[in-house]
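These are my notebook entries on one structure, written down as I looked things up.

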Amino acid sequence: MKNNVLLMLVLSICASIVIAVVVMMGVMRHASTQLLESDAEHTAVSWAEFVSRSVPDLDLLLEQGELTERARTQLKRFRHVEEVFRFKMFNREGETLLVSDDLDDPAGIGSTKSSIGHNNTKVRSLVLNGNNVILLERGGDNPQRPDLYSEAYVPVERDGQMIGVVEVYVDQSDRAALISTAFNVVAGAMFVLLSIFGLIGGSVLLKRLKAERLADERVRYLAYHDVLSGLMNRSSFNEALYRAAQSYREGGATFSVLCVDLDHFKNVNDSMGHAAGDEVLRQTGERLRSLVRHGDHVARLGGDEFAILQTDVHSPDDVSTLAQRVVEVLDISFDLGSEVAHCKGSVGAAIFGTDAMTTDSLLHKADLALYRSKLFGRGIFSFYDEELDQQVAERNTLAMALRAAIDDEQFRLHYQPQFATDGTTLKGYEALVRWEHPTLGLQMPDKFIPLAEETGLIVPLGQWVLQAACAEAAQWPGELSVAVNLSAIQLRRDDLVEEVARTLDASGLPAHRLELEITESMLMSNTAQITQTLNRLNSMGVRIAMDDFGTGYSSMAYLWRFPFDKLKIDRAFTESVDKDSKVSLVVKSIISLAHSLQIRVNAEGIETIGQLEALRRHECDEVQGYMLGRPFPEDQLVHKREGYADISNSITTLKPLGKRCINLFGAASRPPAG
Ligand code: C2E
Ligand code: CA
Ligand code: CA
């Protein structure tokens with residue numbers, strides 16, 4: 001391409017110069033003919049005038065064809081005057097009267113018969129009509145003639161009447177040589193000038209072409225590459241996929257796509273800055289490129305998303321070998337000069353012809369496989385799996401529905417009562433969210449809370465729960481409290497404290513009647529931000545409960561490091577507290593330890609009287625469970641039921657209470673919905 005342009009340029013400059021020279025030569029030839037003709041005419045006319053003035057009896061010769069001796073003598077003198085070397089005379093009809101060659105021999109005069117213009121009738125008629133006519137001739141082989149001469153016909157007039165014609169032979173060799181030398185000099189100079197202009201113009205043009213070509217190349221590069229990593233971008237990767245599919249359909253080997261995603265790349269960006277993030281992406285690109293064979297392609301599709309097109313795939317093993325190597329190479333930490341970043345990679349792969357028959361679907365399926373890798377622990381690779389496809393599709397549908405549910409307010413709160421261990425004194429309720437799905441019916445939190453957390457929808461959903469629970473609790477009598485479950489994402493938000501304060505303010509609920517339940521796992525990152533959030537909530541008067549104690553590390557350390565008011569023993573312990581002596585002992589020590597830290601204890605999941613009795617013996621402060629009350633909608637809450645106050649006042653012993661609780665609070669029956 002580059003050479004072609006150059007060749008074209010050189011050729012067109014040369015052609016322009018050649019054309020210019022040819023045109024110039026044409027113009028010069030024309031000009032030189034004109035010059036010679038006018039010179040010949042001038043010479044001939046002067047000669048003829050001079051002759052007609054100086055030669056006696058010339059009229060006699062022209063009009064009557066009579067040549068006197070005086071005239072002959074004189075004419076002989078005019079045979080060679082300057083460039084004139086021959087002449088002829090004709091009468092007015094154009095008949096030859098005299099040729100200068102015959103002047104020496106009077107007998108020969110009139111013997112030569114030649115015609116005006118060598119029988120050219122046009123010339124003859126022009127001459128006989130009184131015009132000067134010049135014919136340029138070449139001497140050729142004739143030794144008597146010069147190389148170049150003119151035959152100039154000049155009519156001779158007397159008193160305005162043409163009486164004859166003289167034909168004057170003018171030698172123009174010298175004049176022509178002079179003109180040609182002059183023209184050659186001019187032509188040479190012009191040629192040199194043209195060449196210089198051509199060269200300057202050419203080089204300017206060449207420079208501009210080069211600049212345009214560079215700009216073109218840059219634009220093309222940007223259109224097909226990712227600037228940061230220098231890898232292919234999405235559009236050129238799609239083209240490569242398309243070509244690979246084409247070759248597969250023409251009988252070529254199959255190929256695979258590996259989608260690669262850096263795990264926790266966002267953390268690198270957030271904590272080490274964007275320059276570090278960029279460097280990790282660049283190094284990732286280099287590492288991936290170093291793994292592939294000639295003919296394979298690596299692309300950065302955007303963000304921390306990379307893809308490999310592996311060609312010449314003969315078995316799934318080929319793909320898993322490469323995928324495994326990608327996982328391994330990304331497991332090595334990234335050296336960023338002063339710092340080191342760790343960012344494992346997850347890989348998802350799909351094979352053309354097996355998993356998908358179109359390139360779009362292949363990419364999509366590799367992406368689904370990547371999603372699976374991320375789901376199952378990250379830093380691993382997975383193949384596409386149809387069942388997974390189904391699950392993901394369902395999950396996406398659910399995520400969409402969840403989003404709509406927040407706008408359409410399809411969520412409800414159910415409240416599970418919490419009692420003092422006497423089993424009668426109602427202390428408050430735990431708010432538990434439900435989703436009233438328009439077609440699927442009532443959905444329990446385990447169906448949608450994890451998805452809400454994954455999609456970030458937990459933030460608006462959590463806000464709604466907090467507001468709804470506070471607004472409801474504000475209507476409750478006395479000191480009944482409400483416990484609200486928080487997600488890790490909510491706890492990590494900087495605006496949680498403000499949000500809680502705003503909600504309490506708006507609902508009018510005193511801060512000490514709100515309890516926020518968090519789990520141990522949320523504290524494991526133990527950041528200054530979380531400590532500060534919990535301390536601020538605590539100083540506002542809001543109570544903090546540790547939920548599900550016993551399911552995680554069950555580290556007592558969290559209990560004194562953070563401002564907990566309550567510890568909730570998980571159902572897993574409650575279940576066997578009255579059957580397994582070891583569990584009983586553990587629960588007992590947890591309760592006494594908590595008490596020594598001024599932390600109250602709630603035991604969840606009480607289903608039998610045996611459990612309740614065991615907990616009462618261990619001096620547990622609070623109980624909660626199906627036996628005492630299932631979660632109910634707000635219009636069926638325990639304290640809103642008829643006779644609630646009487647019962648709670650009159651029953652003091654545990655046994656009858658247990659039974660009556662079962663009967664009265666409906667613990668043995670299924671919850672109204674779900
Ligand atoms: P959790 O905080 O441990 O809530 C207690 C769960 O145990 C509730 O299930 C409750 O119905 C159930 N339960 C109570 N007593 C008994 C019993 O005697 N036996 C048995 N087998 N189960 C009992 P639910 O309502 O399905 O909630 C499940 C989990 O969903 C909750 O566990 C909590 O982690 C989460 N969750 C519920 N509502 C919210 C919410 O508004 N926000 C957040 N972030 N999470 C919530
Ligand atoms: Ca809870
Ligand atoms: Ca719990």
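**Overall make-up.** I counted secondary structure first and found 22 helices and 22 strands in the chain, where helices (H or I, at least four residues) and strands (E, at least two) are DSSP runs, numbered from the N terminus. I note that this is a predicted model, in which local features need pLDDT of at least 70 and side-chain atom pairs count only at pLDDT 80 or more, while totals for chains, interfaces and linings use all residues. Residues are numbered from 1 along each chain as its sequence is written, chains are lettered from A and ligands numbered from 1 in the order in which they are written, and side-chain values use heavy atoms, with hydrogens and water left out.

**Overall dimensions.** I looked up the radius of gyration and found 57 Å for the chain, whereas a compact globule of 674 residues would have a value near 26 Å; the radius is taken over C-alpha atoms, and the globule rule is 2.2 Å times the number of residues to the power 0.38. The C-alpha trace spans about 180 × 55 × 50 Å along its principal axes. Of the 674 residues, 45% count as buried, and for accessibility I used these limits: buried is under 20% relative accessible area, exposed is over 50%, and partly exposed is in between (1.4 Å probe, protein chains only). Among contacts in the chain with a separation of 6 or more, 64% come from residues 24 or more positions apart, contact meaning heavy atoms within 4.5 Å.

**First calcium site.** Which protein donors surround the calcium ion (ligand 2)? I found Glu430 (OE), Asn485 (OD1), Glu517 (OE) and Asp547 (OD), at 2.1 to 2.3 Å from the ion. Donors are N, O and S atoms within 2.8 Å of the metal (3.2 Å for Na, K and Ca), and water is not among the atoms, so sites may look incomplete. The spacing of these donor residues in sequence reads E-x54-N-x31-E-x29-D. Because Asn485 lies in strand S16 and Glu517 in strand S17 (residues 514–519), the pair ties together parts that are 32 residues apart in sequence. I also checked accessibility: Asn485 is partly exposed at 27%, while Glu517 is buried at 1%.

**Second calcium site.** For the calcium ion (ligand 3) I listed Asp547 (OD), Asp548 (OD) and Glu604 (OE), with Glu604 (OE) entered twice, at 2.1 to 2.7 Å from the ion. Their spacing in sequence is D-D-x55-E. Asp547 bridges this ion and the calcium ion (ligand 2), the two lying 3.9 Å apart. Asp547 is buried, with a relative accessible area of 8%, whereas Asp548 is partly exposed, with 26%.

**Ser481.** I then turned to strand S16 (residues 481–485), which holds Ser481. Is Ser481 buried or exposed? At 5% relative accessibility Ser481 counts as buried. Leaving out residues up to four places away in sequence, I found that Ser481 touches Lys427, Gly428, Tyr429, Trp476, Arg513 and Arg543. The C-alpha atoms of Ser481 and Ala511 are separated by 9.6 Å, with the two residues 30 apart along the chain.

**Helix pairs.** Helix H10 (residues 359–375) packs on helix H11 (residues 386–407) at an angle of about 80 degrees, and their axes are 10 Å apart. Axes are lines fitted to C-alpha atoms, for helices over the stretch in contact, and angles run from 0 to 180 degrees between N-to-C directions. I therefore entered H10 as roughly perpendicular to H11, since angles under 35 degrees count as roughly parallel, over 145 as roughly antiparallel, 65 to 115 as roughly perpendicular and the rest as oblique. In this pair, Lys365, Leu368, Ala369, Tyr371 and Arg372 of H10 meet Leu388, Asp389, Val392 and Arg395 of H11. The contact residues are five nonpolar, no polar and four charged, with Ala, Val, Leu, Ile, Met, Phe, Trp, Tyr, Cys and Pro counted as nonpolar, Asp, Glu, Lys and Arg as charged, and the others, Gly among them, as polar.

**Backbone.** Finally I checked phi at Glu82, which is not a glycine and has a positive value of about 45 degrees. Glu82 sits in the loop between helix H3 (69–77) and strand S1 (84–91), and is exposed, with a relative accessible area of 75%.
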